[in-house]
Amino acid sequence: METDASSTNLRYKFACALATFLKEADGSIELLEPLFERTSIAMLNHAKADPDLDIVRNDPRFQSMVVAAEMRLGAAD
């Protein structure tokens, strides 16, 4: 992260690695939060379905971030 903290792809990949390999939901959500504040609809839809994020999918913080991003993007179901 120190090489390019603003990289969306790098941030997302680290969040997935924390969730998948280390089962670290808190760290994953912490990395995803700023990403979700500026994400595109394509990235949001990917994150909502990505099996790498299964550990955080039912976390209320993740769900709140999804809802906020959908509202920002006008994409709420």
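Here a biologist asks a modeller about a predicted model of a protein chain.

Biologist: Hello! To start, how many helices and strands are there in the protein chain?
Modeller: Welcome! From the N terminus on, the elements run α-α-α-α-α. The count for this predicted model is therefore zero strands and five helices.

Biologist: What share of the protein chain counts as buried?
Modeller: The chain has 77 residues. A residue is buried when its relative accessible area is under 20%. The share that meets this cut-off is 36%.

Biologist: Among contacts between residues at least 6 apart in sequence, what share joins residues at least 24 apart?
Modeller: This one is about how the chain comes back to itself. Taking the contacts between residues at least 6 apart in sequence, the part that joins residues at least 24 apart is 57%.

Biologist: Let's turn to H1. What distance does it reach from its first C-alpha to its last?
Modeller: Helix H1 covers residues 8-20, which gives it 13 residues. At 1.5 Å a residue, 18 Å is expected. The distance in the model is close to that, at 18 Å.

Biologist: Which residues of H1 are buried, and how wide an arc do they cover around the axis?
Modeller: The buried residues of H1 are Arg11, Tyr12, Ala15, Cys16 and Ala19. They lie on the same side of H1, because the arc they cover around the axis is only 135°. As a rule, an α-helix has 3.6 residues a turn, so residues three or four places apart point the same way. For the buried residues of H1, then, the arc is 135°.

Biologist: Which residues are exposed on the other side of H1?
Modeller: The buried side of H1 has a cover that includes helix H2 (25-36), helix H3 (41-49) and helix H4 (54-57). On the other side of H1, the exposed residues are Asn9 and Lys13.

Biologist: How do H1 and H2 run: roughly parallel or roughly antiparallel?
Modeller: The axes of H1 and H2 come within 8 Å and cross at roughly 155°. An angle over 145 degrees counts as roughly antiparallel. H1 is therefore, relative to H2, roughly antiparallel.

Biologist: Is the crossing of H1 and H2 left-handed or right-handed, and which residues of H2 make the contact?
Modeller: H1 passes H2 in a left-handed crossing. From H1, the contact takes in Thr8, Arg11, Tyr12, Phe14, Ala15, Leu18 and Ala19. Their partners in H2 are Gly27, Ser28, Glu30, Leu31, Leu32, Pro34 and Leu35.

Biologist: And how does H1 run against H3: roughly parallel or roughly antiparallel?
Modeller: The axes of H1 and H3 are 13 Å apart, and the two helices pack at an angle of about 10°. Thr8, Asn9 and Tyr12 in H1 meet Met43, His46 and Ala47 in H3. Since angles under 35 degrees count as roughly parallel, H1 is, relative to H3, roughly parallel.

Biologist: Now a single residue. Is Ala15 buried or exposed, and with which residues is it in contact beyond its neighbours within four places in sequence?
Modeller: Ala15 is found in helix H1. Ala15 counts as buried, because its relative accessibility is 0%. Leaving aside neighbours within four places in sequence, the residues in contact with Ala15 are Ser28, Leu31, Leu32 and Leu53.

Biologist: What is the phi of Lys23, and where does Lys23 lie?
Modeller: Most residues other than glycine have a negative phi. Lys23 is not a glycine, yet its phi is positive, at about 55°. Lys23 is also exposed, with a relative accessible area of 56%. Its place is in the loop between H1 and H2.

Biologist: With which residues is Ile55 in contact beyond its neighbours within four places in sequence?
Modeller: Ile55 lies in helix H4 and is partly exposed, with a relative accessible area of 35%. Its C-alpha atom is 8.3 Å from that of Glu24, although the two are 31 residues apart along the chain. Leaving aside neighbours within four places in sequence, Ile55 is in contact with Ala19, Lys23 and Glu24.

Biologist: Last one: what covers the buried residues of H2?
Modeller: The buried residues in H2 are Ala25, Gly27, Ser28, Ile29, Leu31, Leu32, Leu35 and Phe36. Their cover includes H1, H3, H4 and helix H5 (60-73).

Terms used
Residues numbered from 1 in each chain as written. Predicted model: local features only at pLDDT ≥ 70, side-chain atom pairs only at ≥ 80, totals over all residues. Heavy atoms only, no water. Helix = DSSP H or I, 4+ residues; strand = E, 2+ residues; numbered from the N terminus. Expected span 1.5 Å × (residues − 1). Buried < 20%, exposed > 50% of the residue type's maximum accessible area, 1.4 Å probe, protein only. Arc of directions from axis to C-beta. Contact = heavy atoms within 4.5 Å. Axes fitted to C-alpha atoms, helices over the stretch in contact; angles between N-to-C directions. Parallel < 35°, antiparallel > 145°, perpendicular 65-115°, else oblique. Left-handed = near helix turned anticlockwise from the far one by under 90°.
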